Amino acid sequence: MTRNTVLETRGLEIRFGGVVAADNVNVQIFEGQNLAIIGPNGAGKTTFLNICTGYVKPTHGTVEFFGKDITRKSPRQITRLGIARAFQIPQLFADHTALENLLIAASARTRNWAPFQDLDDIPEKDEMNDLLRLVDCQDVANQLVSELPEGKRKLVDIAIALALKPKLLLLDEPTSGVASAEKFQIMDILHHALAEAQVTSVFVEHDMAVVEKYADEVAVWSLGAVQMRGTPEEILSNPEVRRDVIGEVL
Ligand SMILES: Nc1ncnc2c1ncn2[C@@H]1O[C@H](COP(=O)(O)OP(=O)(O)OP(=O)(O)O)[C@@H](O)[C@H]1O
């Protein structure tokens with residue numbers, strides 16, 4: 001069965017001073033997949049997400065999204081084309097409620113954002129309530145984001161990314177900073193929401209139990225390059241990965 005390519009990078013390169021953060025990065029991401037990116041600190045994982053979303057421009061190489069070259073497009077243009085991002089530290093308006101945050105995102109999706117617009121007037125209210133339900137946050141819709149526990153804040157951040165109706169969602173350590181038991185709850189909700197919204201995902205992750213359970217493929221980064229790619233079983237049983245990424249003493 002041929003798989004449709006959502007995003008493809010060819011020959012990405014960038015260095016920061018003496019550090020090579022991308023060294024001939026060639027990656028294909030296929031429709032419907034949940035690709036995990038793993039690798040030691042400083043390997044270039046976040047740099048890859050930054051290049052794909054237009055925040056960092058590579059010195060060489062290209063990024064194609066559904067066959068269209070987006071390498072030189074701005075982050076805003078790339079978001080509008082259908083690539084969304086969720087961050088390790090949720091990017092939310094802390095003194096607004098969860099629902100208000102989504103309404104602001106909905107407004108920014110379709111119109112120019114007007115900071116003084118009355119949020120009650122935004123027509124996407126039902127759609128945004130549905131999204132909060134999808135990420136199991138309907139119970140906190142009217143609570144200030146600053147008062148939410150970290151797990152709920154992460155889910156609201158994911159709902160905001162989905163409010164942009166992306167085709168591809170890039171997540172930088174979606175479960176960092178939450179307790180182990182809660183990680184799986186968040187990932188279950190995320191996994192279900194992505195399938196429901198038919199969104200392809202790429203997530204950077206340090207927790208191998210999360211990778212094993214939720215990724216259908218894993219790419220291993222090291223020294224700015226993709227060293228290996230395969231199923232979670234193949235990658236997580238590889239002795240080099242166990243030694244260099246997981247830190248096991250073999
Ligand atoms: N804007 C920047 N300016 C200077 N150096 C940078 C910049 N962005 C990244 N780097 C460097 O490039 C290298 C790769 O960084 P990157 O954040 O992509 O790694 P990472 O694999 O995501 O690491 P971590 O797992 O610690 O988040 C690091 O050495 C980092 O310090």
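**Exercise 1.** Find how far an oxygen atom of the ligand is from an N or O atom in the side chain of His-206, and list which other side chains make such approaches.

*Solution.* The structure is a predicted model.
Step 1: the side chain of His-206 has an N or O atom 3.3 Å from a ligand oxygen.
Step 2: for Lys-45, the distance from a side-chain N or O atom to an oxygen of the ligand is 2.8 Å.
Step 3: for Thr-47, a polar side-chain atom is 2.6 Å from a ligand oxygen.
Step 4: a polar contact needs N or O atoms within 3.5 Å, a limit to hold against the 3.3 Å of His-206.
Step 5: on its own the ligand has 640 Å² of accessible area, and the protein covers 59% of it.

**Exercise 2.** Determine which element gives the most residues to the shell around the ligand.

*Solution.* Step 1: the surrounding residues include Val-19, Ala-21, Lys-45, Thr-46 and Thr-47.
Step 2: strand 2 and helix 1 each supply at least two residues of the shell.
Step 3: helix 1 gives the most, with three residues.

**Exercise 3.** Describe helix 1 and where it packs.

*Solution.* Step 1: helix 1 spans residues 45-52, and seven of its eight residues are buried. Among them are Lys-45, Thr-47 and Phe-48.
Step 2: after the helix comes Gly-54, with a positive phi near 85°.
Step 3: the sheet is open, with four antiparallel strands in the order 2-1-4-5. Strand 2 (19-30) and strand 5 (68-69) are its edges.
Step 4: helix 1 packs on this sheet, touching strands 1, 2 and 4, and its direction makes about 115° with that of strand 1.

Note on methods: Residues numbered from 1 in each chain as written. Predicted model: local features only at pLDDT ≥ 70, side-chain atom pairs only at ≥ 80, totals over all residues. Heavy atoms only, no water. Buried < 20%, exposed > 50% of the residue type's maximum accessible area, 1.4 Å probe, protein only. Pairing = 2+ DSSP bridges. Contact = heavy atoms within 4.5 Å. Axes fitted to C-alpha atoms, helices over the stretch in contact; angles between N-to-C directions. Near = heavy atom within 4 Å. Polar contact = N/O pair within 3.5 Å; in protein donor to acceptor, adjacent residues only side chain to side chain. Areas by Shrake-Rupley, 256 points an atom, 1.4 Å probe, with all protein chains shown as cover.
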